Amino acid sequence: MKINKILFFAVAGLLAASCADLDTEPAGGTITADQKAEVVANNPARTAASVNGITANFTQYDCLGDERHNDFGYPAQMLFLDTRGVDLVGFAIGYNWFSAGIYFTDRPLTSAPNLIIWCTLYNQIYTANAVAKLVDPATEDSTLKFYLAQALAIRAFDYFNLAQIYQFTYDGNTDAPCVPLVIGSINPEEDNTDAVASNGNPRATVGEVYAQIDKDINKAIELLEGSDFRRADRRYVDLATAYGIRARINLVKRDWNGALNDAKAAIAASDATPISIDEASVPRFNDMSEKDWMWGVKVSETDRVSTTGICNWPSHMGSLNYGYASVGAWRRINSSLYDMIQPTDARKGWFLDADGVSANLNAEQQDYITNTAEAPAYTQVKFAPYQGKIYDSTNASDIPLMRIEEMYLIQAEAEAMSGNPGQGASTLQSFIQTYRDPQYKASSTSAEDVQDQVWIQRRIELWGEGLSYFDLMRLRKGIDRASTNWANMSDDVKAYNYRELDSPAEERTAINAVLKGQGATTGSLINYLIFQIPNSEVQANSQISEGDNNLGCPVIEPINE
């Protein structure tokens, strides 16, 4: 199967140091799973490099092997998906390697963004499977419990991403085809990796994929609850992070009580605390030691994504550092969302205003943005450059995967949707007033009203952190870019971003309806919102035919009317 055969070569180097000596006896014979488990149990450190390989894959450069400048691991996926939504506005110019999301040309089975996402997530699953094949889930060793929990939690996280990208949201779609399940385990009755490599694997249903997700994250939590091993830093999943992952899963499944309980458990178990209004009033979010981070991508100056100079997340996102963004591929907030942020909210300054000014910038930063960079209106200044150095070419900033603030927002939504909108509104208001805007008021006319208020706060608080598109899908909000700075661009870039369609008027109407979340009246236009299974997988996997794939769509561009 493609997802096994290709990825073996990508991760073999990462795994060789830790487990090659566990595959054979000194005389060259193959050892059994029981013998392998015994060796690992006697020396838990043997699995450490494999676990480190899982976390390293979050920021792996060049998964496809063709040195594309948008192929740099999970942070690239964050930008791919945020770009195809409504809140992260990008110019469609040559410097923007993420323009495909603007036009929804990222979803076809041959598109590079699609291949990068598939390769990145299944690569990580492969490394997680390698650890799961080494450690007995019944182990009593505290260190091994922690190591196995890393593999299972991150495997759950990866399949959770895949399920949301390659099929519509969980509710109402549990029988729909999703993605192939490749599961590594020390228990032969659970392990299918060899069979998949030999025979391929069909697309599991959404329900089957989520059943595996639940199994993995529940076991990870059980292992972490029984382990006193403490993570070295926040690149690893601790108990609070695992609760946070499960809270996200339950939110998508509309298990409101489960989401509520897990969000509260994450807050209680975490050593992270929300940043204050003052702390939110400066550029930041570049270092996993910040007090509100629960989980992040650790980047060092010597990592390949850093030494490339510009093939990394800060290059494409950052406004205050050197890279693609600062030479024209700016990342900006949707102007209508910006207008929803009250002047008393510290997050207003995470973005330039219509005049190119942010109250959160000091004099040096503002001078650079205005006079040197000449950044356009609504450009983000939320993310600080590496070590705070303006226009520095060292792009080794850490990248947030989960912050404690998200857990409070999940709590508020889950309270409202589980039957207590008044409590949900109270939680939301208290959180925003305490940590972002002392003048904020929330109302509780209905559960759905509170949910929408939370959604707006999620759009603001988590802007640029790779979650906005998943929210659009689970809430069925659609893509509406009308009457915003998506259309209101200067003439030299407007032709790239907004061109008239040659399709009939009735098809234009249908496309508009899809992008605005109102359904479709013709053909398969709604399928713009999910990706196709990559062609390389279809060709290599004997159990997935072309007819098994998600439907194709005519090539169109977003409508701004």
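pLDDT is the predictor's confidence in each residue, on a scale from 0 to 100. Keep that in mind, since what you're looking at is a predicted model.

**Figure 1. The whole chain, and how confident the predictor is about it.** Averaged over the chain, pLDDT comes to 87, and 83% of the residues reach at least 70. The chain holds 22 helices and 4 strands. Out of its 561 residues, 61% count as buried. About 20400 Å² of the chain is exposed, with carbon and sulfur atoms supplying 48% of that area. Look at contacts with a separation of 6 or more, and 74% of them join residues 24 or more positions apart.

**Figure 2. Two stretches to take with a pinch of salt.** Residues 1–33 keep a pLDDT under 50, and the model gives them 65 contacts beyond four places in sequence. Residues 489–504 also have a pLDDT below 50, and this stretch makes 29 contacts in the model beyond near neighbours in sequence. Where pLDDT is low, the predicted coordinates should not be read in detail.

**Figure 3. Zooming in on the largest cavity.** Rolling a probe the size of a water molecule over the atoms shows where empty space is left. For this model, a search of the whole structure turns up 8 cavities of 30 Å³ or more. The largest cavity has about 160 Å³ of space in it. It's lined by 16 residues, and the ones closest to its centre are Phe160, Gln164, Arg248, Leu467 and Phe470.

**Figure 4. Who builds the wall of the largest cavity?** Four helices each give at least two residues to the lining of the largest cavity: H7 (142–165), H10 (239–253), H16 (404–417) and H19 (468–474). Sorted by class, this lining is made of 9 nonpolar, 2 polar and 5 charged residues.

**Figure 5. On to the second largest cavity.** Here the space is about 70 Å³. Its lining includes Asp82, Asp87 and Leu88, along with Arg458, Arg459, Leu462, Trp463 and Gly464. Leu467, Ser468 and Asp471 line the second largest cavity too. Helix H18 (447–461) and helix H19 are the elements that give two or more residues to this lining. By class, the residues lining the second largest cavity split into 4 nonpolar, 2 polar and 5 charged.

**Figure 6. A spot shared by both cavities.** Leu467 is one to look for in both close-ups: it is among the residues closest to the centre of the largest cavity, and it also lines the second largest cavity. Helix H19 turns up twice as well, with at least two residues in the lining of the largest cavity and two or more in the lining of the second largest.

Methods. Residues are numbered from 1 along each chain as its sequence is written. This is a predicted model: local features need pLDDT of at least 70, side-chain atom pairs count only at pLDDT 80 or more; totals for chains, interfaces and linings use all residues. Side-chain values use heavy atoms; hydrogens and water are left out. On a 1 Å grid over the protein atoms alone, a cavity is a set of points where a 1.4 Å probe fits but cannot get out, and a pocket is an open set with protein on both sides within 12 Å along at least five of seven lines; lining residues have an atom within 4 Å of a point. Grid points are joined across faces, edges and corners, and a volume is the space filled by probe spheres set on the points. Ala, Val, Leu, Ile, Met, Phe, Trp, Tyr, Cys and Pro count as nonpolar, Asp, Glu, Lys and Arg as charged, and the others, Gly among them, as polar. Contact means heavy atoms within 4.5 Å. Buried means under 20% relative accessible area, exposed over 50%, partly exposed in between (1.4 Å probe, protein chains only). Accessible areas come from the Shrake-Rupley method with a 1.4 Å probe; for residues, only the protein chains shown count as cover.
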